[in-house]
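Subject: Structure handover

Hello,

Here is the structure we spoke about. Please open it first, then read on for what turned up in it.

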Amino acid sequence: MCGILGVVAASPVNQLLYDGLLVLQHRGQDAAGIATAKDDRFFMHKVPGLVRDVFRTRNMRTLAGNWGIGHVRYPTAGSASNIAEAQPFYVNSPFGILLAHNGNLTNSVALRREMFLSDRRHINTTSDSEVLLNVLAHELEDAASGPRLDEAAIFRAVAGVHRRCRGAYAAVAMIAGYGLLAFRDPYGIRPLVIGRNELSDGRTEWLVASESVALDALGFKLLRDLAPGEAVLIDTEGNFHSRECATGTVVAPCIFEYVYLARPDSIMDGVSVYEARLKMGELLAEKMKRVMPHAGIDVVIPIPDSSRPSAQEMALRLGLPYREGFVKNRYIGRTFIMPGQSRRKKSVRQKLNTIHQEFRGKSVLLVDDSIVRGTTSKEIINMAREAGAARVYIASAAPPVRYANVYGIDMPTRGELIANERNEDEIAREIGADGLLYQDLDDLKASVRAINPALQFFETSCFDGCYITGDITAEYLSRVENQGGYEDFGVATEIGEGGCQLDLNLIDQEER
């Protein structure tokens, strides 16, 4: 999970990119970078750290030009705080290209080998994003007619990227002398939206971003999502071009975006994240009435922040008081994306503190967006008991996370997932809860589909082991786990016993 931005404006874009990255900071806290272009030159600044710390006035002054891209990164494995892994990445041939990427290529090892043996390109980091950049550069070189590019050649190059790359990728790229290119993988796993701003003089400014909240903050109007397999080219004069560059496309967004990753004020693939989370709470309350009717709960308390809408709706549907029992320190990062169990565990108590009056002598229902490793849940339940809670139940707006994610979310090996080879009673005992309630996967899908009924499919591999791209085998995952190379391979786990439930043959060919 990362955040990306691309802007073509009528005035300098350095401040626009900085402000946009600030509102996408939740998507990555490890490193930040901005690249801009003026005349025939690129300018770039990127280092590890939060946006507010990475860019000083002296850095901003060097980022000249009216178009550019930005990136906030979160670490996956082994390369946290490494400046070489910060984005955007740059190659000078052909034409000069900068790229920022959100997602993970599942065939990056094979592509890296092809780059070296066939394409005569050198990859200098472990990042699959650099692999993606070099694939794009090679395809642009092949597609060009002589020394110049045109619109058709750029779209042919993106089609070549889609033929070669597997996995999840939403990307923005700058091509020197031509403009801003944005494209999304054929399944639309990672989000990407387009916005525009009509100026009084008739000119149009364009913004591409991971989430619509960036458009809102910068005064742009949401136009639409990029379609799976689509590429958008905005030239340096602000002219907009788009083309479908992949075949057999399917709209299958990552459902975990709606559970946790995205901000609640974002709209992605026609779905309000806030409304989807309310619906999750509604359906979870209905399940609680069925399976835990005599729990004797006194109060519903959210674990801030992502679970608030679900907790509010649960309290309403259950006819129970809703209370804020935890105060959050806004200056501590999201524990889900912090590398290392010990660091994550320590950060919980730095991040949250209890309001004792809301717990003392009460039977409380804590509502969380998801339970991944269980480390955070265990610490929070301990905090509730220390604050005087008589009984502590916990409800998760998402189903049990039993499988790793190979598409760019840090859900590592089997052993670190609390739900791996444990049933709900065993998980409850492990985290110290008096009772545990998980959302059903069908209800989770229904929560999102209720907002946009056109969404037929979702990427749900962390819940069901169904890897939607169809290229993930048990042998592949076993090799990844043994070698521990997320950046190169994707994360390891076993494939779900039921296999992939998505049958692309059932989709009408015209829809694909």
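Two strands count as paired if DSSP finds at least two bridges between them. Keep that rule in mind for the sheets below. One caution before we start: this is a predicted model.

**The antiparallel sheet**

Six strands make up an open sheet. Their order is S5-S6-S7-S8-S12-S13, and the pairing is antiparallel. Which strands stand at the edges? They are S5 (89-91) and S13 (240-244). Each has a single partner strand, so one side of each is left without a neighbour in the sheet. Leaving direction aside, neighbouring strands are turned by 20° against each other on average.

Look inside this sheet at S7 (residues 167-175) and S8 (residues 179-184). These two strands run antiparallel and are joined by six bridges. One residue pair to find on screen is Met-174 with its bridge partner in S8, Leu-180.

**Strand S10 and its partners**

Next, go to S10 (residues 204-209). Is this strand mostly covered or mostly open? It is mostly covered, with five of its six residues buried.

S10 pairs with S9 (residues 193-198) in the antiparallel sense, over six bridges. Within that pairing, Ile-194 stands opposite Val-208 of S10. S9 and S10 form a hairpin with five residues between the strands. Gly-202 in this hairpin takes a positive phi near 95°.

S1 (residues 3-8) also runs antiparallel to S10, and four bridges join the two. Here Leu-5 has Ala-209 of S10 as its bridge partner.

A general point helps when you view any of these strands. In a regular strand the side chains alternate between the two faces of the sheet.

**The parallel sheet**

There is also an open sheet of four strands, this one with parallel pairing. The order is S16-S19-S20-S21. S16 (299-302) and S21 (435-438) stand at its edges. Each of them has a single partner strand, so one side of each lacks a neighbour in the sheet. From one strand to the next, the twist averages 25°.

S16 pairs with S19 (residues 363-368) in the parallel sense, over four bridges. Val-299 stands opposite Val-364 in S19. Helix H10 (residues 308-318) packs on this sheet. H10 touches S16, S19 and S20 (391-396), and its direction makes about 140° with that of S19.

Helix H12 (residues 375-386) lies across S19 and S20. H12 runs at about 150° to S20.

**A residue to check: Ala-384**

Ala-384 sits in helix H12. Why does Ala-384 count as buried? Its relative accessibility is 0%, and the cut-off for buried is under 20%. What does Ala-384 touch, leaving out residues up to four places away in sequence? The answer is Phe-359, Leu-366, Ala-389 and Val-392. Val-364 is worth a look here too. Its C-alpha atom is separated from that of Ala-384 by 8.6 Å, and the two residues are 20 apart along the chain.

**Two helix crossings**

Start with H4 (residues 108-117) and H5 (residues 128-143). Their axes come within 10 Å and cross at roughly 50°. The two helices are therefore oblique to each other. H4 passes H5 in a left-handed crossing. From H4, the residues that meet H5 are Ser-108, Leu-111, Arg-112 and Met-115. From H5, they are Asp-128, Val-131, Asn-134 and Val-135. By class, this contact has four nonpolar, two polar and two charged residues.

Now take H9 (residues 273-291) and H14 (residues 441-449). Their axes come within 8 Å and cross at roughly 140°. H9 and H14 are therefore oblique to each other. This crossing is right-handed. H9 contributes Ala-276, Lys-279, Met-280 and Leu-283 to the contact. H14 contributes Asp-443, Leu-444, Ala-446, Ser-447 and Val-448. By class, the contact of H9 with H14 has six nonpolar, one polar and two charged residues.

Over to you.

Best wishes

Technical notes
Residues numbered from 1 in each chain as written. Predicted model: local features only at pLDDT ≥ 70, side-chain atom pairs only at ≥ 80, totals over all residues. Heavy atoms only, no water. Axes fitted to C-alpha atoms, helices over the stretch in contact; angles between N-to-C directions. Parallel < 35°, antiparallel > 145°, perpendicular 65-115°, else oblique. Left-handed = near helix turned anticlockwise from the far one by under 90°. Contact = heavy atoms within 4.5 Å. Nonpolar A, V, L, I, M, F, W, Y, C, P; charged D, E, K, R; others polar. Buried < 20%, exposed > 50% of the residue type's maximum accessible area, 1.4 Å probe, protein only.
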